[in-house]
Amino acid sequence: MVSQTAEYALRAVVYLAMNPGPRTTEEIAASTKVPPAYLSKIMSAMTRAGLVASRRGVRGGFVLTKEPQDITILSAMSTVEPIYRVKSCPIPHADDNAHLCPLHQKLDAAFANAERVLAQASISDIIEQQQNNTPLCILPSQSFAESRV
């Protein structure tokens, strides 16, 4: 249900939230295990959406434009790929095209529920819960082996 692109975007946002200050694509890619070229495209999309800002120069890199508690999981994901809702049945019905069939009603309800849950959870919530779980990214002071413990 969550694309790899959206997952990578979430990893990058969590990393930036946990590591304030400008961070380069290389730093983010190494810590989040996202291919650098792919991450560059994701960061460009997030910059266009206004979720991150980029700074050029020696001390340049990416920074979040909002506080982690003000960024929802849904908003971070939506910068690269929105959650699609079911608006119509792919097979026309003779009785009424304006309503969804029972199958597509259930599918749309599931997507609506996922959207609601993701809109209620912030990046701060992820960081707080990450303390006791396997991390989404490796902190600069950690090695990959330490993060797997």
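## A walk through the predicted chain

Helix α1 is mostly covered, with 12 of its 15 residues counted as buried. The model in which this helix appears is a predicted one, and the buried residues of α1 are Thr5, Ala6, Tyr8, Ala9, Leu10, Arg11, Ala12, Val13, Val14, Tyr15, Leu16 and Ala17. From its first C-alpha to its last, α1 reaches 21 Å, which is close to the 21 Å expected for its 15 residues at 1.5 Å a residue.

Part of the setting of α1 is given by helix α2. Two packed helices are described by the angle between their axes and by the distance between those axes. Here, the axes of α1 (residues 4–18) and α2 (residues 25–32) come within 10 Å and cross at roughly 110 degrees. Because angles of 65 to 115 degrees count as roughly perpendicular, α1 and α2 are described as roughly perpendicular to each other. On the α1 side the contact is made by Arg11, Ala12, Tyr15 and Leu16, and on the α2 side by Glu27, Ile28, Ser31 and Thr32. By character, the residues of this contact divide into 4 nonpolar, 2 polar and 2 charged. Arg11, Ala12, Tyr15 and Leu16, which α1 brings to the contact, are also listed among the buried residues of that helix.

The wider chain has 7 helices and 2 strands, and from the N terminus on its elements run α-α-α-β-β-α-α-α-α. Of its 149 residues, 40% count as buried. Among contacts between residues at least 6 apart in sequence, 63% join residues at least 24 apart.

Arginine 55 offers one example of a residue that meets a distant part of the sequence. Arginine 55 lies in strand β1 (residues 52–55), and it counts as partly exposed because its relative accessibility is 48%. Leaving aside neighbours within four places in sequence, arginine 55 is in contact with Pro22, Gly60, Gly61 and Val63. Of these, proline 22 is 33 residues away in sequence, yet the two C-alpha atoms are 7.3 Å apart in space.

How far the model can be read depends on the region. The chain averages a pLDDT of 84, and 81% of the residues score at least 70. Among the elements, helix α3 (residues 36–48) has the highest mean pLDDT, at 96, whereas helix α7 (residues 144–147) has the lowest, at 43. Over residues 142–149 the pLDDT is below 50, and beyond near neighbours in sequence this stretch has 10 contacts in the model. Where pLDDT is low, the predicted coordinates should not be read in detail.

How values were computed:
Residues numbered from 1 in each chain as written. Predicted model: local features only at pLDDT ≥ 70, side-chain atom pairs only at ≥ 80, totals over all residues. Heavy atoms only, no water. Axes fitted to C-alpha atoms, helices over the stretch in contact; angles between N-to-C directions. Helix = DSSP H or I, 4+ residues; strand = E, 2+ residues; numbered from the N terminus. Parallel < 35°, antiparallel > 145°, perpendicular 65-115°, else oblique. Contact = heavy atoms within 4.5 Å. Nonpolar A, V, L, I, M, F, W, Y, C, P; charged D, E, K, R; others polar. Expected span 1.5 Å × (residues − 1). Buried < 20%, exposed > 50% of the residue type's maximum accessible area, 1.4 Å probe, protein only. pLDDT = per-residue confidence, 0-100.
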